[in-house]
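Let's take a friendly walk through this model, helix by pocket. Have the structure open in your viewer as you read.

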Amino acid sequence: TWLKEIFHDGTPGDADGVARLVALARDVEAQGDRNLSLNLLHAAALRCWWADPGAEAKILVVEAVEQIAGDEPDPRALEILALTAPTDAAARIATRVREALRVDGGDPLATQLLAFAAYAAGEIGLSRELMDRTAPVLRAQGRLGLLAQLLVVREWAAINTGQFSDGMRAAEEGNRLAIETEQPIWAAISETGHAVLAGLHG
């Protein structure tokens, strides 16, 4: 089920699909596989991010991730919460991102997840700071798939804060890397941002 979700990125706004994934995540967690449980919840959260599946479906995801992650400031759990309820849980997400940074072990993927969670919750300045910290590490490690995603979000963070030159640079590299690493959704998001920047530049 999780592999199918990876390949299809979920069906946007599908309340029944969200409920099915949450139920499966709870079942998997009960069997002791927390990692797979969070993967399944992430798939459910993406369905909430791309289109509104309704309040009840979102509540299912939020309650599940809160119970599975507990009070631990887990970057993956924070991203799930941010994808599902970026407005309703914004203050909680921002607080937990800062808590997680205090115990940050230097893992660039974890920092990227925190950056994405901060961005979704509207903490654009914090998100940009974390992305700027993470990008050189991903570049040095050759993790180009992750770097593509980071640059695309960095592009939109720049657009939202009026840093248009920075946004254009991130757009160009992010789009190129998204195409090279065969991530069509990220390429499309980058191209949309590039169109916005072109319009802003007249």
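## Helix α4: span and sides

The expected span of a helix is 1.5 Å times one less than its number of residues. Keep in mind that the model is a predicted one. Helix α4 covers residues 55–69, so its 15 residues should span 21 Å, and the end C-alpha atoms are indeed 21 Å apart, in agreement with that expectation.

Now turn α4 about its axis. A57, V61, V62, A64, V65, I68 and A69 are the buried residues here. They lie on the same side of α4, because the arc they cover around the axis is only 165 degrees. A55, E56 and Q67, on the other side of the helix, are exposed. What do the buried residues of α4 pack against? Their partners are α2 (15–30), α3 (34–50), α5 (75–84) and α6 (90–102). After α4 comes G70, with a positive phi near 65 degrees.

## The cavity beside α4

Counting cavities of 30 Å³ or more gives one. About 50 Å³ of space lies in this largest cavity, and its lining consists of V65, E66, A69, E72, P73, D74, A77, L78, L81 and R96. At least two of the lining residues come from α4, and at least two from α5.

Two residues of that lining, V65 and A69, have already appeared among the buried residues of α4. By type, the cavity lining splits into six nonpolar residues, four charged and no polar.

## The largest pocket

The largest pocket holds about 1,100 Å³ of space. It is lined by 37 residues, and H42, L46, E79, Q149 and W186 are the closest to its centre. Two or more lining residues come from each of α1 (2–8), α3, α5, α7 (108–120), α9 (144–160) and α11.

Which element gives the most to this lining? That is α7, with eight residues. If you are thinking about the chemistry of the lining, there are 26 nonpolar residues, five polar and six charged.

## The second largest pocket

About 160 Å³ of space lies in the second largest pocket. Its lining is made up of M131, D132, A135, R139, L151, R154, D166, R169, A170 and E173. Helices α8, α9 and α10 are the elements that each give two or more residues to it.

The lining here has six charged residues and four nonpolar, with no polar ones.

## Two residues to click on

Start with S127, which sits in helix α8 (residues 124–141). Is S127 buried or exposed? Its relative accessible area is 0%, so S127 is buried; the cut-off for buried is under 20%. Leaving aside residues up to four places away in sequence, S127 touches A115, A118 and Y119. Its C-alpha atom is separated by 21 Å from that of Q141, 14 residues apart along the chain.

Then move to E182, in the loop between α10 (164–180) and α11 (184–200). With a relative accessible area of 67%, E182 is exposed, since the cut-off for exposed is over 50%. Its backbone also deserves a look. Most residues other than glycine have a negative phi. In E182, however, phi is positive, near 55 degrees.

Methods: Residues numbered from 1 in each chain as written. Predicted model: local features only at pLDDT ≥ 70, side-chain atom pairs only at ≥ 80, totals over all residues. Heavy atoms only, no water. Helix = DSSP H or I, 4+ residues; strand = E, 2+ residues; numbered from the N terminus. Buried < 20%, exposed > 50% of the residue type's maximum accessible area, 1.4 Å probe, protein only. Contact = heavy atoms within 4.5 Å. Arc of directions from axis to C-beta. 1 Å grid on protein atoms, 1.4 Å probe; cavity = no way out; pocket = protein on both sides within 12 Å on 5 of 7 lines; lining within 4 Å. Points joined across faces, edges and corners; volume = space filled by probe spheres on them. Nonpolar A, V, L, I, M, F, W, Y, C, P; charged D, E, K, R; others polar.
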